[in-house]
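This report describes selected sites of one protein model, beginning with the terms that the description needs.

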Amino acid sequence: MEKLHGIIDTHAHYDDNAFNEDREEVIKNVFASGVDAVINAGCSIASSKRAVEFTEQYDGFYAWCGIHPSDCRYIKDKDRALFELETLLKKPKVVGVGEIGYDFHYPTPTREEQAKWFEWQMQLADRLKKPVAIHDRDAHGATMEMIKKYPKVKGILHSFSGSPEMALELVKLGWYISFSGVVTFKNAKKTKDAATAVPIDRILIETDCPYLSPEPNRGKRNDSSNLIHTVSFLADIKKITPQEMCDITRKNAINFLGIGKK
Ligand code: NI
């Protein structure tokens, strides 16, 4: 496969335990593979702090800081958590609030508990004028409802899994759609249709690594060097070259998040 340059991974989890054995080496290889910038997404206060540490350790790293809907159950002191989050969000290479949202795939935490944390963090993004990265698993309707409640907050639907109609509605609201390796899966026709529908100037790319490796590496541990497969797949859909697709998604990330500027 042709080597690309200037790839920006807008959502990754290099703090995950899956990288404990060889994190340094993997990150070195990622930057050698043509990736310019990585935004590491926090899922809790601890992992958001780790994401900020990465930004201090590596030139090409940026961070999302936020509390994932599945992780809100572990928070004992709400005010303290929100204060710590706000402090992290003011660090220089933190691009916005994420990942936040809804995960209705599992019965816990309850939808009510997830809604509280989603809303508190949307309010924080609103007040700090920061973009958000939204996790939406089996919760498309509720996610759209929350997004519309805060019209001044713009963001990214991460690892998009909704319909083409939902994607276009988000684009109309000024949002960006981020595709992970899922778009390359043979059983993900709806996601492919969404990628076909979304205008090219609103598409971002991400790994969500260590999860969601694109074909032909589906099922294996993922890292940002695999984005070449996702980019090539999207380029085919849009009938442009992989390098053009890479350049456009980089420009989109720079425009929206102000990252990767040299
Ligand atoms: Ni994620």
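## Basis of the description

Helices (H or I, at least four residues) and strands (E, at least two) are DSSP runs, numbered from the N terminus. This is a predicted model, in which local features need pLDDT of at least 70 and side-chain atom pairs count only at pLDDT 80 or more, while totals for chains, interfaces and linings use all residues. Residues are numbered from 1 along each chain as its sequence is written, and side-chain values use heavy atoms, with hydrogens and water left out.

## The nickel site

The nickel ion is coordinated at 2.2 to 2.3 Å by His11 (NE2), His13 (NE2), Glu99 (OE) and Asp208 (OD); donors are N, O and S atoms within 2.8 Å of the metal (3.2 Å for Na, K and Ca), and since water is not among the atoms, sites may look incomplete. The arrangement is irregular because the four donor atoms subtend angles of 81 to 172°, whereas four donors count as tetrahedral if all angles lie between 85 and 135 degrees, and as square planar if opposite donors are over 155 degrees apart and all others between 65 and 115.

In sequence, the donor residues are spaced H-x1-H-x85-E-x108-D. Distant parts of the chain are linked by histidine 13, in the loop between strand 1 and helix 1, and aspartate 208, in the loop between strand 8 (203-205) and helix 8 (227-238), 195 residues apart. Aspartate 208 counts as buried because its relative accessibility is 10%, buried meaning under 20% relative accessible area with a 1.4 Å probe and protein chains only; histidine 13 is buried as well.

## Aspartate 16

Aspartate 16 is found in the loop between strand 1 (7-12) and helix 1 (23-32). Although buried, aspartate 16 has no salt bridge, and the nearest side chain of opposite charge, arginine 23, is 6.8 Å away; a salt bridge requires a side-chain nitrogen of Lys or Arg within 4 Å of a carboxyl oxygen of Asp or Glu, and His and the chain ends are not counted as charged.

## Backbone features

Most residues other than glycine have a negative phi, and most peptide bonds are trans. Phi of aspartate 208 is nevertheless positive, near 55°, and aspartate 138, in the loop between strand 5 (132-137) and helix 5 (140-149), has a positive phi of about 55°.

A cis peptide bond joins threonine 108 and proline 109, with omega about -10°, and another joins glutamate 215 and proline 216, with omega about 5°. Proline 109 lies in the loop between strand 4 (94-103) and helix 4 (111-128), and proline 216 in the loop between strand 8 and helix 8.

Technical notes: Buried < 20%, exposed > 50% of the residue type's maximum accessible area, 1.4 Å probe, protein only. Tetrahedral: all angles 85-135°; square planar, octahedral: opposite > 155°, others 65-115°.
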